[in-house]
Amino acid sequence: MMPLEQRFVAARKSAIAAEYNHLNPMQKEGVLCTEGPLLLLAGAGSGKTTVLIHRIANLLRFGRGSDSEELTMPINEDAIELLEQYAENPQPENRPLMEYLCAVEPARPWEVLAITFTNKAANELKERLTRMIGEEAARDVWASTFHSACVRILRRDIDKIGLSKDFTIYDTDDAKHLIKDCLKELSLEEKSFPPREMLSVISNAKDAMMSPQEYAKRADSMGDWRKQRISKVYSLYNRKLWDANALDFDDIILHTVRLLQSSPETLAYYQRKFRYVLIDEYQDTNHLQYLLAHLLAGGYENICVVGDDDQSIYRFRGANIENILGFEKDYRRARTIRLEQNYRSTQHILDAANAVIRNNQGRKGKTLWTNNGAGDVVTLKTCFNESDEANFIVGQIMMNYHRGANWKDHAVLYRMNAQSNALEYAFKRNGVPYKIFGGMKFFDRAEVKDMLAYLCVINNPADDLRLRRIINVPARKIGQASVDKAQVIATEEGASLFDVVKKATQYPELKSASVKMESFAAMIAEMQEALDGADLIDYYGLVCEKTGYTAMLQEKDDMESRGRLENVEELASSIHAFLENDPENPTLAGFLDEVALYTDLDDSSDSDNCVVMMTVHSAKGLEFPQVFVCGMEEGVFPGNRAMSEDEEMEEERRLCYVAMTRAKEKLTMTNARQRMLFGRTTPNMPSRFLKEIPDGCMEWLSKPEPRPERHWSDDYSDFGSFSYTGSIDVSYESRKPREKPKLESVRKASPASQELPNLQPGQSVQHSAFGKGMVLSVRPMGGDALIEVAFDGIGTKKLMLKAAIDHLKLI
DNA sequence: ATCATAACGCTTTTT
DNA sequence: GCGTTATGAT
């Protein structure tokens with residue numbers, strides 16, 4: 001290349017780079033490396049999404065301008081000088097000319113595919129993209145989850161592999177029901193063939209692209225009786241899916257891969273279309289997703305995978321960490337960029353986290369650092385038991401609150417949902433507002449599922465599973481036995497259950513139920529007709545009414561039914577939200593698609609000021625100023641199952657690393673010497689992960705030994721920084737469940753036997769944390785009382801009077 | 001058909 | 001220890 005051209009190419013890259021001067025050098029590199037395979041190892045809090053967004057924006061503005069020596073026009077000194085100057089000191093008025101000079105085949109929005117794992121991530125990507133490049137361009141970028149991208153592809157071309165385009169999607173719950181049906185039909189015991197396990201075996205088989213026939217063959221050749229049975233389940237399960245014209249979540253990916261593998265035109269179409277492919281959270285991909293990514297990116301091989309091997313925590317659901325560890329082997333010309341500067345946490349927190357994760361073998365290796373300063377040391381705290389632990393955490397949080405912190409600046413993380421009970425109790429007693437994530441989700445509620453089932457049946461009458469769910473809800477005198485009979489007939493005739501129900505009176509064995517069945521079918525048919533051209537919201541109202549579902553709830557008229565009615569109505573707002581979002585397919589079928597893949601439309605509540613509690617898994621990707629990780633004990637975190645297997649232990653360690661790196665300012669980790677879990681109290685050693693944290697970045701507070709008890713007398717000697725005062729804390733003396741008198745003495749130790757005011761419903765009160773409110777109810781409980789107070793602008797809180805009394809004033 | 005009692009079993013979770 | 005589920009009784 002001529003020197004002039006070399007100078008131009010260099011100046012071009014510098015000028016483009018100048019557009020990203022607010023990024024650090026590694027981030028910039030990630031944005032500018034547009035061509036060929038790229039592995040972006042993005043540590044926790046390293047600004048990964050920022051890089052992703054800017055990278056896409058860069059592709060759309062400059063194409064391969066920053067990563068190619070290609071010239072698009074004759075060049076001269078002036079052009080070079082302008083770019084060199086721009087790189088030195090970017091002037092906005094020169095930007096249009098600079099863009100013109102630097103762009104090399106800028107990507108068009110629809111040529112960019114950005115895949116994420118969750119809808120939340122996809123939406124965040126779309127939002128930030130919209131803000132940066134404008135709505136028009138952002139709309140055409142394919143930013144979606146694996147599953148929605150695949151559904152989009154399948155809706156277009158699935159008929160090429162012999163399936164119908166109007167397939168239904170079965171979620172895990174549906175799949176489980178289907179498995180149960182299969183087991184019943186094969187007369188297999190659920191005890192020896194747990195549906196959960198069946199589902200996971202089938203999922204693994206699909207991930208390995210093993211058909212039921214292949215699975216059966218393998219089972220036969222091994223002579224494994226159980227596997228042979230499972231192969232029957234797998235086979236029947238798949239047949240039922242086929243009959244219902246349904247795909248489960250694995251099928252969505254599997255069939256897309258099969259489609260791309262078997263239809264050269266389809267493959268060529270997408271490979272030509274997607275000039276740039278980006279995969280987020282690559283460490284979480286399973287084998288099928290890995291294949292899919294490679295197929296889609298196989299044309300230009302401009303594949304950029306982003307992820308963090310140290311945050312791979314979904315092995316149990318098929319994630320294969322080898323995908324990210326082996327990326328450089330898959331693509332010999334791959335470039336690797338490490339983002340190790342952390343913008344989230346203090347150095348002490350990072351030192352602790354780095355020290356823990358360093359003990360893993362299977363990793364690429366990264367060391368996070370920050371400019372944020374050393375900050376507070378990590379606090380480790382050993383508590384007596386889980387309620388002591390919960391009280392400690394609540395106490396710390398209340399202390400912070402009184403110093404001006406927000407409740408929502410605090411997060412309590414745990415390994416298992418079961419651990420949340422003790423915490424919840426402590427928060428409730430102290431009147432601290434909290435929110436537990438990971439409970440029942442909106443779309444998991446029975447009433448919501450019922451209404452969706454109605455819509456599904458209307459949309460696809462062959463959906464036996466959903467039909468059976470709602471055929472007698474509300475009660476229509478169509479009993480289980482009659483439905484079973486009709487199902488048998490349907491199977492014999494090779495028809496769908498709905499077909500039989502429709503002409504039920506032709507089958508004498510259905511007896512009196514047959515009339516009810518036919519009128520049910522008539523109702524569904526009537527609604528199918530009404531669908532044509534109707535407004536979806538109105539239509540939903542019609543379905544609620546015609547099915548008698550709302551009437552059923554209105555009649556019951558108790559607290560529960562009211563809530564359920566609200567949820568049924570709330571589904572209308574989901575439909576509304578769906579339509580607002582200007583979907584490409586604003587029909588009932590389109591809505592059902594979205595709902596099937598989109599389970600958290602309703603998590604709109606980061607607005608309320610609450611302490612949040614969740615599992616470490618659900619905390620991934622989030623951050624909080626104050627983080628408490630509790631249950632740091634051998635057998636809990638790491639969990640018992642990890643003890644025997646190295647791979648599992650490494651996953652637990654990664655999980656611990658994820659937990660620690662959620663903290664921005666202060667990290668506190670607690671362990672309890674004994675914990676009641678699943679109804680049994682067991683003594684637990686402090687987690688090995690705590691031992692891995694170096695002295696320099698932590699302090700270890702500890703309750704004094706309550707009493708030289710059998711299981712706790714020794715074994716702490718190898719904990720260098722463990723200190724014992726040797727004195728006995730009387731208030732914690734043997735709080736064993738059976739020793740009633742002692743328990744009473746503990747109660748007394750808390751601010752107790754003071755005079756309780758005679759509160760009446762209707763009384764106005766002032767609370768130091770929640771402000772003004774009105775007492776709704778007072779329920780005496782022991783020597784205490786549970787009061788319910790409606791606080792202005794906050795909502796209703798339940799408080800234990802004794803605990804809340806110091807914060808309450810009558811007004 | 002609907003309610004009651006007993007028995008089980010139990011990481012983590014998204015699509 | 002608790003919530004879910006299966007089975008049996010009315």
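The following exchange covers charged patches, salt bridges and one leucine in a predicted model.

Residues are numbered from 1 along each chain as its sequence is written, and chains are lettered from A, with ligands numbered from 1, in the order in which they are written. In this predicted model local features need pLDDT of at least 70 and side-chain atom pairs pLDDT 80 or more, while totals for chains, interfaces and linings use all residues; side-chain values use heavy atoms, without hydrogens and water.

Student: Which helix gives the most to the positive patch?

Tutor: The patch gathers Lys176, Lys180, Lys184 and Arg196 on the surface. Patch residues have over 30% relative accessible area and no salt bridge, with like charges joined within 9 Å. Arg196 sits in helix 10 (residues 195-207). Three residues of the patch come from helix 9 (residues 172-185).

Student: Is Asp140 buried, partly exposed or exposed?

Tutor: Asp140 belongs to helix 7 (residues 135-140) and joins Glu135, Glu136 and Asp582 in a negative surface patch. Buried means under 20% relative accessible area, exposed over 50%, and partly exposed in between (1.4 Å probe, protein chains only). Because its relative accessibility is 33%, Asp140 counts as partly exposed.

Student: How many residues apart in sequence are the parts that Glu185 and Lys240 tie together?

Tutor: The side chains of Glu185 and Lys240 meet in a salt bridge at 2.9 Å, N to O. A salt bridge is a side-chain nitrogen of Lys or Arg within 4 Å of a carboxyl oxygen of Asp or Glu. Glu185 lies in helix 9 and Lys240 in helix 12 (residues 225-243), so the parts tied together are apart in sequence by 55 residues.

Student: How many residues apart in sequence are the parts joined by Arg315 and Glu645?

Tutor: Arg315 forms a salt bridge with Glu645, with 3.8 Å between the closest N and O atoms. Arg315 lies in the loop between strand 7 (303-307) and helix 16 (322-325), and Glu645 in the loop between strand 15 (624-629) and helix 31 (646-660), so the separation in sequence is 330 residues.

Student: How many salt bridges are there by this rule?

Tutor: One of the pairs is Lys664 with Glu623, whose closest N and O atoms are 3.3 Å apart. A network of salt bridges links Glu35, Arg64, Glu70, Glu105, Arg108, Glu111 and Arg275. The count comes to 55.

Student: How far apart in space are Leu531 and Thr587?

Tutor: Leu531 lies in helix 25 (residues 513-531). Leu531 and Thr587 are 56 residues apart in sequence, and their C-alpha to C-alpha distance is 9.5 Å.

Notes:
Patch = residues over 30% accessible without salt bridge, like charges linked within 9 Å, V, L, I, M, F, W, Y side chains within 5 Å. Areas by Shrake-Rupley, 256 points an atom, 1.4 Å probe, with all protein chains shown as cover. Lys, Arg positive; Asp, Glu negative; His and termini not counted. Charge placed at Lys NZ, Arg CZ, Asp CG, Glu CD. Helix = DSSP H or I, 4+ residues; strand = E, 2+ residues; numbered from the N terminus.
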